[in-house]
Amino acid sequence: MRYLRCAIGLLSFLCCVNILLGQNVVTGKYKGHIVKMKFYKGSPDDIQYLEYGLVTELNKTVTRLEKEKSSLQKELNKLKGKTPVQDDSLQMELIIKERDLLARERTIDSLNERVDVISASLQMLRDSLATLEKVTPRVRSLSADCSHFGVGYSIGIPLAFSTILGQKNVSGQSVWNRRMTLSHQVGIFWGSRSLVRKGSLSLGAGVEYSKMQFAAGAGQTSDTFDNAMDRDQDNYIAYLTGHNMEERATMHYLSIPLTLSVGQPYHDRVSGYFQLAIVPSFCVSSLLNVSGYYDLSGYYPQYQLTLSNFESLGFVSDNSIGQMDEALNVNRFLLAGRLAGGIYLPLCRTSQGETSPWVLKLGAKLDFSITPMAKGVHDKAPFQDATAHLNQNNFLASDGCRFLNPALEVGIMYIFGTKNLR
């Protein structure tokens, strides 16, 4: 029972050290003797070597006694070979040697028996550890009980979707075509400890600043309006044609993402994550840049007259829209959603049992608008049904205009309280 209690105590000690340190080689001391265990991490861990210093010391003692026994046996053989054996002093020396030899043999047998018992206990301990790992695999790091804080940056390719961008000409081709643009986002974020004992589920919040740019161009647009009115209040049929038109809208948002995360950064292992977030955003500034050319001519059916290049009535050819910057007519509040996933990499050599409170975050995310970006109002348009409205935003200012923003993100974070886990 004493060895069994020793084994149970040793089991508890090694389990605690294994969980706390998470190392491949664990060394400690139990009742004054060194305990060493070597294992390979896994689920369960594969124990390759288990050593108890008491067994090593007993084996050394047995080896020493075996040498002494061998030496005594040699001396005893020499004494037995001497004559006459009736010599009292020689006989007494022979008796003493035989007694010492017998005592050592008994001691060796006792020590060997003790070694066998402890070895059996160690084997039972090893089997118990393997069973324990199978029943409760070590899939949860203690840093799951710690919150974290970090900073991040992401770069994306935003895509706008609106009714105008879906328009087709008589040939079935898109009138407006998107131009490739980039978005940039920086932010700080905080994540809670895991809310569940098994697995990892946590909440988070942050503050982000985003710059998104959208661009689209139209090679040529043509519209005809039957009930146009000129400056003299005469009705005419208007022919409006746009050439090489391009619009570039830039918007800046301040956002407060509220995140639900599956997966969490750990100080002692690589891990993955999936995040779902609701992102209330506020447009702090917006800017529109428009360029291109347009032609406007008019036909007066009452006079059977067509006018072009008649600037006094507003009829022009190849008239430049010009470069212009003005505020966009967009919604100041935008509700967006986010899907994200990636990995957390502790900034240390985890394969060698090292830990670090600093973790690198690498992943991808998809932001999408839930509410429209723009109000869908053309308050300055001379022709309300035109494909392109002059001197104002077109492709964003339609009802239901939304966006998708796929992006790559990188961040660095610090896990609080990991020093207490060592």
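Which residue in β17 is the bridge partner of Gly 363?

1. The model is a predicted one. In it, Gly 363 has Glu 409 of β17 as its bridge partner. The strand paired with β17 here is β16, residues 358-369. β16 and β17 run antiparallel and share 11 bridges.

2. Glu 409 of β17 is also the bridge partner of Ser 154. Strand β4, residues 148-156, is antiparallel to β17, and nine bridges join the two.

3. A further antiparallel pairing links β17 with β5, residues 159-161, through three bridges. Within β17, Leu 404 is the bridge partner of Leu 159.

4. The two faces of β17, residues 402-415, are covered and uncovered. Glu 409 belongs to the covered face, together with Phe 403, Asn 405, Ala 407, Gly 411, Met 413 and Ile 415. Leu 404 is on the uncovered face, whose other members are Arg 402, Pro 406, Leu 408, Val 410, Ile 412 and Tyr 414. In a regular strand, side chains point to the two faces of the sheet in alternation.

5. Apart from the strands, there is a surface patch of negative charge made up of Glu 66, Asp 109, Glu 113 and Asp 116. Helix α3, residues 88-135, is the main contributor to this patch, supplying three residues.

6. Is Asp 116, a residue of helix α3, buried or exposed? Asp 116 counts as exposed because its relative accessible area is 53%, and the cut-off for exposed is over 50%.

Key. Residues numbered from 1 in each chain as written. Predicted model: local features only at pLDDT ≥ 70, side-chain atom pairs only at ≥ 80, totals over all residues. Heavy atoms only, no water. Buried < 20%, exposed > 50% of the residue type's maximum accessible area, 1.4 Å probe, protein only. Helix = DSSP H or I, 4+ residues; strand = E, 2+ residues; numbered from the N terminus. Pairing = 2+ DSSP bridges. Patch = residues over 30% accessible without salt bridge, like charges linked within 9 Å, V, L, I, M, F, W, Y side chains within 5 Å. Areas by Shrake-Rupley, 256 points an atom, 1.4 Å probe, with all protein chains shown as cover. Salt bridge = Lys/Arg side-chain N within 4 Å of Asp/Glu carboxyl O. Lys, Arg positive; Asp, Glu negative; His and termini not counted. Charge placed at Lys NZ, Arg CZ, Asp CG, Glu CD.
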